[in-house]
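Subject: The structure I promised you

Hi,

Here is the structure we talked about, so you can open it and follow along while you read. I've written up what I found, going through it piece by piece.

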Amino acid sequence: MAWIWLVLAGLFEMTGVIMINQLHRRRDIWSALGLAAGFGLSFVCLALAMRTLPMGTAYAVWTGIGASGGAIVGILWFKESADWRRILFIIIILVSTVGLKLVS
């Protein structure tokens, strides 16, 4: 169950990052509320995951999901650069995240 909480934490972190981008674009209350909800739920889920997972692993996986997910959403949704080097490093983050799961 801890890993499910951790994946949810990463997904909510991505939501928070998307809402930061939306807040910069729109400057509306809904984006601000989405930002607060995304990061708030992310921290709650991370705290639940850390009840059983080691802090270092949980934090690394949480940031890995958020960082790579944010970059992928940026490419797919906001038409950011999809340079092959960028894709390579996103893959490295994802492989490292899966590696932490395998050794934990």
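Let's start with a small one: in which helix does Ala49 lie? Ala49 sits in helix α2. One thing to keep in mind as you click around is that you're looking at a predicted model.

Stay with Ala49 for a moment. Is Ala49 buried or exposed? Ala49 counts as buried because its relative accessible area is 0%, and the cut-off for buried is under 20%. Who does Ala49 touch, once you set aside its neighbours within four places in sequence? The answer is Ala2, Trp5 and Leu6. Try Met1 as well: Ala49 and Met1 are 48 residues apart in sequence, yet their C-alpha atoms are 7.8 Å apart in space.

Now move along helix α2, which runs over residues 29–49, to Phe39. Leaving out residues up to four places away in sequence, Phe39 is in touch with Phe12, Glu13, Gly16, Val17 and Ile20. For a contrast in the other direction along the chain, pick Ala60: 21 residues separate Phe39 and Ala60 in sequence, and 16 Å separates their C-alpha atoms.

Next up is helix α1, which covers residues 2–26. Glu13 is found in this helix, and I think it's a fun one to look at. Glu13 is buried but has no salt bridge. How far away is the nearest side chain of opposite charge? That side chain belongs to Arg86, and it is 14 Å from Glu13. So what does Glu13 have around it? Apart from neighbours within four places in sequence, Glu13 is in contact with Gly38, Phe39, Ser42, Trp62, Thr63 and Gly66.

Gln22 is in helix α1 too. Gln22 counts as buried because its relative accessibility is 10%. Not counting residues up to four places away in sequence, Gln22 touches Arg27, Ser31 and Phe78.

Leu8 is another residue in helix α1. Leu8 is partly exposed, since its relative accessible area is 31%. Together with Met1, Ile4, Val7 and Leu11, Leu8 makes a nonpolar surface patch of about 450 Å². Colour those residues and you can see the patch for yourself.

On to charges. How many salt bridges are there? The count comes to two:

- Arg86 pairs with Glu80, with 3.2 Å between the closest N and O atoms. Both ends are partly exposed: Arg86 has a relative accessibility of 29%, and Glu80 has 37%.
- Asp83 pairs with Arg85, at 2.8 Å from N to O. These two are partly exposed as well, with relative accessibility of 25% for Asp83 and 46% for Arg85.

You'll recognise Arg86 from before: it carries the side chain of opposite charge nearest to Glu13, and its salt bridge is with Glu80.

Then have a look at the backbone in two of the loops. Most residues other than glycine have a negative phi. Which way does the phi of Arg27 go, positive or negative? Arg27 has a positive phi of about 60°, although it is not a glycine. Arg27 lies in the loop between α1 and α2, and it counts as exposed because its relative accessible area is 65%. Lys79 also has a positive phi, near 55°. You'll find Lys79 in the loop between α3 (55–77) and α4 (84–103). Lys79 is exposed, given its relative accessibility of 67%.

Last, something from a record rather than from the atoms. The unreviewed UniProt entry carries the annotation "transmembrane region" for residues 29–50, 57–78 and 84–103. What do the spans look like in the model? Residues 29–50 are 95% helix and 0% strand, and the end C-alpha atoms lie 31 Å apart. For residues 57–78 the span is again 95% helix and 0% strand, with 30 Å between the end C-alpha atoms.

If you want a place to begin, I'd click on Glu13, which is buried and has no salt bridge, and then go to Phe39, which touches Glu13.

Cheers

Key
Residues numbered from 1 in each chain as written. Predicted model: local features only at pLDDT ≥ 70, side-chain atom pairs only at ≥ 80, totals over all residues. Heavy atoms only, no water. UniProt positions renumbered as here; feature names shortened; annotations may be inferred. Helix = DSSP H or I, 4+ residues; strand = E, 2+ residues; numbered from the N terminus. Patch = residues over 30% accessible without salt bridge, like charges linked within 9 Å, V, L, I, M, F, W, Y side chains within 5 Å. Areas by Shrake-Rupley, 256 points an atom, 1.4 Å probe, with all protein chains shown as cover. Salt bridge = Lys/Arg side-chain N within 4 Å of Asp/Glu carboxyl O. Buried < 20%, exposed > 50% of the residue type's maximum accessible area, 1.4 Å probe, protein only. Contact = heavy atoms within 4.5 Å. Lys, Arg positive; Asp, Glu negative; His and termini not counted.
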